[in-house]
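Q: Hey, got a minute to go through this structure with me? I'd like to start with what sits around the ligand.

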Amino acid sequence: MGAQIHKFEAIVVGGGGAGLYAALALSKEKVQTAVLSKLYPTRSHTGAAQGGIGAALANVEPDNPEWHMYDTVKGSDYLADQDAVEIMCNEAVTTVYELEHLGLPFNRTPEGKIDQRKFGGHTRDHGKAPVQRSCFSADRTGHMILQTLYQQCIKNEVKFFDEYHVMDLILESGICRGVVAYQISNGEVHVFHAKTVLFATGGSGRMFKITSNAHALTGDGMAVALRRKIPLEDMEFFQIHPTGIYKMGILLSEACRGEGGILRNGKGERFMERYAPTIKDLAPRDIVSRCIYFEVRDGNGVNGKDYVHLDLTHLGAEVIEKKLPDIADFVRTYMGLNPVTDLIPIQPTAHYAMGGIPSNFNSEVLGDEKGTIVKGFYAAGECACVSVHGANRLGTNSLVDILVFGRRAGLSMAKYCRANDFAPLPKDPENEVLAQIEWLRSNAGGEKTAVVREALQCTMMDNCGVFRTSETLQKAQGDIAELKKRFLKIQVSDKSQVFNTDMLEAMELNNLLDLAQVTVDAAFARTESRGAHYREDFPKRDDAQWMKHSFATLSAGKTDLKYKPVVITRFQPQERKY
Ligand SMILES: Cc1cc2nc3c(=O)[nH]c(=O)nc-3n(C[C@H](O)[C@H](O)[C@H](O)COP(=O)(O)OP(=O)(O)OC[C@H]3O[C@@H](n4cnc5c(N)ncnc54)[C@H](O)[C@@H]3O)c2cc1C
């Protein structure tokens, strides 16, 4: 069986916010563009984003992009590249207005301006008090973004290949030439020949047992790039969001606290007052998640268990139903509780990959820590690392990041397409993918994907979660090595061609295993605590040694780590107090 060949100037892999904004920009520049997505585009995880998109519009109270920049850099524990953060915070404002003009139905103030609410880590005048910066559409902001962008892409005649699972990147002599994809509906393999390729494939939260991430977030783009010798940047930083539904991980947006919700321990105390006296429950996520576990360890969990309460009862029915309607539904459906009258049991949940495919602020992919550009290859959104989030992302800053750098990707790809011809395809670029599929179909060793995946998720959650030590990380390293061996005996029971999700899940597990390895190895090497990476054996931030980004590559199954300095422009690192 060979492969069908398609030819487009630009291929966008991923139909989430980053991919669709890039496709829209490309189509406006009259570049022949196709979007490949393993999910129907409007089912992408961007659609699950609840709380909002941060931009210093100053519609409700004084604000400006420089304050937004300060908060983002401080929130990142000073690991973000400040030149990129500055671009993001400035362009956030124009991006939100552009979304408004594209038809996005934002909530409004009584005067008809875009309404804004508070969110963790976003402050007025360099940390003085929380500020209303998050623009929102009830608690369905991401859903509205996705629908708006998808409609605009259809209007601009972007071609969509839905339910195509990309398995390989065609890269030769430092020039990207396309991708190889598996058509989920019939098992056929397709080669897409292109001048430029954008990876906008989203996150990898499925590496962890308790996660807010959708089932499909298996880090495919990052893993494909890694196997093609592209490094991954800052993989040791994975955000664990404080408020997931207990035992399920389903997210209860930070908008709950933005609207005034508070956290209470088992004694009913508002414990964040003790840890972050100025902004309390609206401290950044890394801090709040740790504080929840400090309370649990001190015996202050609810009923002696490993959870605390989110209290919305004082907000009143009207605020809850109007501003947090989906959250209220989740609480009723999944917990059988009424958020208007009941306290909600919550537990931290794995949420967001700060690390990813290294890119510059034109979304060009960097092939090494020296900044060598991989021609024709771009990355944007959660799978990329620009780096605007450093060691910890602030809430509402991902939607900004995916749109600002998604659009920038589209514009720089258009420029590249105008200046360059198609680089020729190598001979039979589909062969490795065909061999992998054949191996999966015929391999017989009795190991089940679901069992190996669960073991991976458990070890990542227990040993590479909110707290880490060299001991727990070594345990995870050993477990992952063992699980990789077990993967070699993976047995797919469905042998059919049509919607073979059994096979797809095995491919996705393979991706998660590689990503988990580099995550744990980078975390083991970093002997300091910064942002989401908290080493109990090295509890202090160590700027002299570690003010640098990690770049991990895999060669012959081993992780190789290199480092690159952080770009500091305006804000010198300081102690992070809230
Ligand atoms: C529950 C939840 C709530 C959130 N709330 C907020 C919020 O309020 N504000 C905020 O700023 N951020 C929020 N975030 C984070 C934010 O939503 C995401 O980081 C962001 O939407 C990611 O966008 P993306 O375009 O990079 O990827 P996604 O939207 O995840 O899209 C990824 C795309 O890649 C495609 N894809 C993946 N692998 C392949 C493959 N192998 N082949 C082909 N296609 C592939 C998928 O089909 C999909 O179309 C939230 C996240 C979650 C999980």
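A: Sure. The shell around the ligand divides into 14 nonpolar residues, 21 polar ones and four charged ones. Keep in mind that this is a predicted model.

Q: How many residues surround the ligand, and which are the closest?

A: The ligand is surrounded by 39 residues. The closest are S44, H45, T46, G51 and E382.

Q: Which helices and strands supply at least two residues of that shell?

A: There are helices and strands on that list: α1 (17-28), β2 (33-37), β7 (164-172), β14 (344-353) and α11 (397-419).

Q: And which one gives the largest share?

A: That's α11, with four residues.

Q: OK, what about the backbone? Where does the ligand meet polar backbone atoms?

A: G16 is one place: a polar backbone atom there is 3.5 Å from an oxygen atom of the ligand. At A18, a polar backbone atom and a ligand oxygen are 3.0 Å apart. Then there's G52, where a backbone N or O atom lies 3.0 Å from a nitrogen atom of the ligand.

Q: How much of the ligand does the protein bury?

A: The protein buries 98% of the 1000 Å² that the ligand exposes when taken alone.

Q: Let's switch to sheets. You mentioned β14, so what sheet is that in, and in what order do the strands come?

A: β14 belongs to an open sheet of four strands, in the order β11-β14-β13-β12, and the pairing is antiparallel.

Q: Which strands stand at the edges?

A: Those are β11 (238-245) and β12 (262-264). Each has a single partner strand, so one side of each is left without a neighbour in the sheet.

Q: What does the twist average?

A: From one strand to the next, the twist averages 50°.

Q: Going back to β11, how many bridges does it make with β14?

A: β11 and β14 pair over six bridges, in the antiparallel sense. To pick out one residue, I245 has I346 in β14 as its bridge partner.

Q: New topic: how many aromatic pairs are there?

A: The structure holds 18 aromatic pairs. Take F330 and Y334: their ring centres are 6.1 Å apart and the planes are at 55°, so this pair is tilted.

Q: Why do you give both a distance and an angle?

A: Because a pair of aromatic rings is described by the distance of the centres and the angle of the planes.

Q: Fair enough. And where do F330 and Y334 lie?

A: Both lie in helix α10, which covers residues 325-335. F330 and Y334 are four residues apart, about one turn of the helix.

Conventions: Residues are numbered from 1 along each chain as its sequence is written. This is a predicted model: local features need pLDDT of at least 70, side-chain atom pairs count only at pLDDT 80 or more; totals for chains, interfaces and linings use all residues. Side-chain values use heavy atoms; hydrogens and water are left out. A residue is near a molecule or strand if one of its heavy atoms lies within 4 Å of it. A polar contact is a pair of N or O atoms within 3.5 Å; within protein, one must be able to donate a hydrogen and the other to accept it, and residues adjacent in sequence count only if both atoms are side-chain atoms. Accessible areas come from the Shrake-Rupley method with a 1.4 Å probe; for residues, only the protein chains shown count as cover. Ala, Val, Leu, Ile, Met, Phe, Trp, Tyr, Cys and Pro count as nonpolar, Asp, Glu, Lys and Arg as charged, and the others, Gly among them, as polar. Two strands pair if DSSP finds at least two bridges between them. Axes are lines fitted to C-alpha atoms, for helices over the stretch in contact, and angles run from 0 to 180 degrees between N-to-C directions. Rings of Phe, Tyr and Trp (its six-membered ring) pair if their centres lie within 6.5 Å; planes under 30 degrees apart count as stacked, over 60 as edge-to-face and the rest as tilted.
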